[in-house]
Amino acid sequence: MTDLRITVDLAAAEPPYEQVRAQVAGLIATGQLGEGDRLPTVRALAADLGLAVNTVARAYKELEAGGHVTTRRRAGTVVAPGSQSTDVALSRTAAAYAERAVAGGLSDAAAIDLVRAALRQARS
Amino acid sequence: MFGGLALVLLVPVLVALGATTLLRASAAAPLEGAARKARRRSVAATVTTGLAGLAALVVWPVSGSVLDLRVATLPAVAALVVVLTSAVAELTWQRPSGARRVASLGARRGRSPAGLLRLFWIGAATTAGLLAAGALTAAPDGRSLERAWAAGGAGHGPYPGLHYTAPVALAAAVLALATLWALRRVELRPSLGPDLLPVDHAVRRASQVRVLRGAAAGMLLTAAGLGLTMGTAIVSVARTARANDIGATGPGYALMQAGGSALLGLAAALVVSAIVAACWPAPRIGAREAPTGALSGAEVP
């Protein structure tokens, strides 16, 4: 596992636990976090980010509920098998979209709103 | 006697350790910004814990009555002061601040130095064993050793019976718990940030060494004091019995002589181990590859 980072913006509208969850899920989906990779303990990550332990615990709990990670007493929290995105092409498309959004000066919230709108349209 | 031994051995060790720490820090590779600040803080913590331990060694024996009990618990109490001071240094480390915070997903590095941790547990196990042996073999007064033979008996004190073992056991147990707690505080201290990982690993390991140096030395010296006291008492009782010709012969007597000598040898080995633990080298903070940058949790530009 290379030096992967999590950034939390306390001023953002998105709650910190969701920021942590989304970033970890993104790293797993793009294959940057592989099966069996161990995440920091809840307390260690909370200390490093200056967040409450419950905030990070909630993010981990939701990642576990989503099947991205598993938590065992001895092994800690590790990336679950089969949790990576199998659609590599889609990952590349998402990365390309993100690059264009950043280059175009779109805020994170605006870029995500566009994706949500597109998803709604595709499902309707 | 044991307090004097501890003072004679530990004071020069602590002074040498402080001087070595300062010399090593001044000779280390130059660092800038947050990395430099972290190294300076680590050195200050080492010097402060050394001075706190030194103060405890001097103050504890003379700060009240029951001198014998104070001397018996001196190594554990001084080590406890070192461990708690180290923990305070960890608890007061800079916390993340600012709206945007960054953390690495990499695992914490800088695991506790295995050799030093082993010395700590050896000291704890030996202390527990000697406390149990002392409590079981002491005379009913809990502070001396008495043995009777066909033609009379012999006795010697002090000996670690219940009078001594209860407070020493309490001090050693508190020291063990405080050490585990302090090591946990070191592990959970906020990282210096993803840009300073090599410095963070070195600082964290230096903190672990700081905690374990005091804890291992204190535990080993506690065991050494018990071994020395027991060995001296057993050898003295055996010699008195032989000198007074009270029928002390046979394998039991020989075993007693050998056991006493073995305990004295064990005490000497434990003192050497304690010196090794107290002088355990901490990693250099300021590796060439260590980059400089903002502290973790600080505002990200």
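Domain bounds in this description come from an automatic or database domain assignment. On that basis, chain A of the predicted model is divided into domain 1, covering residues 16-79, and domain 2, covering residues 88-123. The C-alpha centres of domain 1 of chain A and domain 2 of chain A are separated by 23 Å.

The association of the two chains involves 20 residues of chain A, with which 21 residues of chain B are in contact. On the chain B side, strand β1 (residues 100-104) supplies the largest share of the residues that touch chain A, namely five, and this side as a whole comprises ten nonpolar, six polar and five charged residues. Strand β1 (residues 5-9) of chain A is joined to β1(B) by five bridges, and the two strands run antiparallel. Within this pairing, Val8(A) has Arg101(B), a residue of β1(B), as its bridge partner.

A further antiparallel pairing is found within chain B, where strand β2 (residues 145-149) and strand β3 (residues 152-156) are linked over five bridges. These two strands, β2(B) and β3(B), form a hairpin in which two residues lie between them, and the bridge partner of Leu145(B) in β3(B) is His156(B).

Helix packing in chain B can be described around helix α7 (residues 197-243), whose axis comes within 8 Å of that of helix α4 (residues 74-91), the two crossing at roughly 170 degrees. Because angles over 145 degrees count as roughly antiparallel, α4(B) is assigned a roughly antiparallel orientation with respect to α7(B). The residues of α4(B) that take part in this contact include Pro75(B), Val82(B), Val83(B) and Glu90(B), while among those contributed by α7(B) are Ser207(B), Arg210(B), Met219(B), Leu221(B) and Gly225(B). In composition, the contact of α4(B) with α7(B) consists of eleven nonpolar, six polar and two charged residues.

Helix α2 (residues 33-59) of chain B also packs with α7(B), in this case at an angle of about 5 degrees and with the axes 10 Å apart. Since angles under 35 degrees count as roughly parallel, α2(B) and α7(B) are therefore described as roughly parallel to each other. Here Ala35(B), Ala38(B), Ser42(B), Ala45(B), Thr46(B), Thr49(B) and Gly53(B) of α2(B) meet Val199(B), Val203(B), Ala206(B), Arg210(B) and Gly214(B) of α7(B), and the residues of this contact divide into six nonpolar, five polar and one charged. Arg210(B) and Gly214(B) of α7(B) are listed both in the contact with α4(B) and in the contact with α2(B).

Conventions. Residues numbered from 1 in each chain as written. Chains lettered and ligands numbered in written order. Predicted model: local features only at pLDDT ≥ 70, side-chain atom pairs only at ≥ 80, totals over all residues. Contact = placed C-beta atoms within 7 Å. Helix = DSSP H or I, 4+ residues; strand = E, 2+ residues; numbered from the N terminus. Nonpolar A, V, L, I, M, F, W, Y, C, P; charged D, E, K, R; others polar. Pairing = 2+ DSSP bridges. Axes fitted to C-alpha atoms, helices over the stretch in contact; angles between N-to-C directions. Parallel < 35°, antiparallel > 145°, perpendicular 65-115°, else oblique.
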